[in-house]
Amino acid sequence: MRSLKVIAMAAILATPLAQASGIAIVNSQKALQESAPAKAFEQKSQEKFSVQVESLKTAEASFKKQVADFERDKATMSDAEQSKMQLELRRKQEDLQYQGRALQQEVAQAQQAEINRLAPKLEQAISAVAESGGYDVIIEQATVRYAKPGLDITGKVIEKLNALAK
């Protein structure tokens, strides 16, 4: 009698596992990054910010040359000239850091705006893949410690996202 209870309990516990075949894993961040719209945005972003990046690189190179020149010539400078030059170099360094942070912030804002624009399409793609694949549950990959490779539907989501973005 006791073995029948164990068998019945095992059958009850195994039922959810049998129904778990409708589970899939998706990496939303990867899907966004590898989608055609994201790659197109990356290309446009590089073109848009290339002038600012090059200008900043040129300014940094000029600053490094000024620092090297100062280090080379400071032995022949008076204390007043050294102090004046150090102050000037410090101000230029602070200005370069400010410009760099401003550029990074501008790029980050543009990226966030693109993510916000693509997020509804990503959700739509995930839903469409879930419907067509008969999945009951789709779990974000970042929250899963282990999953069989066959459960990952990120590639399908990327394809669907690309199709929706056209």
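Q: How many helices and strands does the protein have?
A: In this predicted model, the protein has five helices and two strands, and from the N terminus on these elements run α-β-α-α-α-β-α. Of its 166 residues, 22% count as buried.

Q: How do you know that the 55 residues of helix α4 span what they should?
A: The expected span is 1.5 Å times one less than the number of residues, which for residues 79–133 gives 81 Å, and the end C-alpha atoms of α4 are 76 Å apart, so the two values agree. Helix α4 nevertheless has a kink of about 35 degrees at L118, shortly before the proline P120.

Q: What is the phi of G134, just after α4?
A: The residue G134, which comes just after α4, takes a positive phi of about 70 degrees.

Q: Why is G133 called partly exposed?
A: The term applies between the limits of 20% for buried and 50% for exposed, and G133 has a relative accessible area of 40%, so it is partly exposed. G133 has its place in helix α4, and its C-alpha atom is separated by 8.5 Å from that of G22, although the two residues are 111 residues apart along the chain.

Q: What makes A147 partly exposed?
A: Its relative accessibility is 28%, which lies between the 20% limit for buried and the 50% limit for exposed, and therefore A147 counts as partly exposed. A147 is found in the loop between β2 (137–140) and α5, and 7.7 Å separates its C-alpha atom from that of I25, 122 residues apart along the chain.

Q: What share of the contacts with a separation of 6 or more comes from residues 24 or more positions apart?
A: Such residues account for 84% of these contacts in the protein.

Q: How do you know that the span of helix α5 agrees with its number of residues?
A: For the twelve residues 154–165, 1.5 Å a residue leads to an expected span of 16 Å, and the end C-alpha atoms are 16 Å apart, so the expectation is met.

Q: Which residues of α5 are buried, and what puts them on the same side of the helix?
A: T154, V157, I158 and L161 are buried in α5. They cover an arc of only 100 degrees around the axis, and therefore they lie on the same side of α5. In general, an α-helix has 3.6 residues a turn, so residues three or four places apart point the same way. The buried residues of α5 pack against β1 (23–26), α2 (28–34) and α4.

Q: How far does α3 reach from its first C-alpha to its last, and what is expected?
A: With 38 residues, α3 reaches 53 Å, close to the 56 Å expected at 1.5 Å a residue. A bend of about 50 degrees is found in α3 at F49, and F49 is also one of the buried residues of this helix, which include P37, A38, F41 and S45. The buried residues of α3 pack against α2, α4 and α5.

Q: Which helix gives the most to the lining of the largest pocket?
A: With four residues, α4 gives the most to this lining, while α2, α3 (36–73) and α4 each supply at least two of its residues. Q29, L32, Q33, A38, F41, E42, Q111, E114, I115 and L118 line the pocket, in which about 230 Å³ of space lies. Among these lining residues, A38 and F41 are buried residues of α3, and L118 is where α4 has its kink.

Note on methods: Residues numbered from 1 in each chain as written. Predicted model: local features only at pLDDT ≥ 70, side-chain atom pairs only at ≥ 80, totals over all residues. Heavy atoms only, no water. Bend = angle between axes of the 7 residues up to and from the residue. Buried < 20%, exposed > 50% of the residue type's maximum accessible area, 1.4 Å probe, protein only. Arc of directions from axis to C-beta. Contact = heavy atoms within 4.5 Å. 1 Å grid on protein atoms, 1.4 Å probe; cavity = no way out; pocket = protein on both sides within 12 Å on 5 of 7 lines; lining within 4 Å. Points joined across faces, edges and corners; volume = space filled by probe spheres on them.
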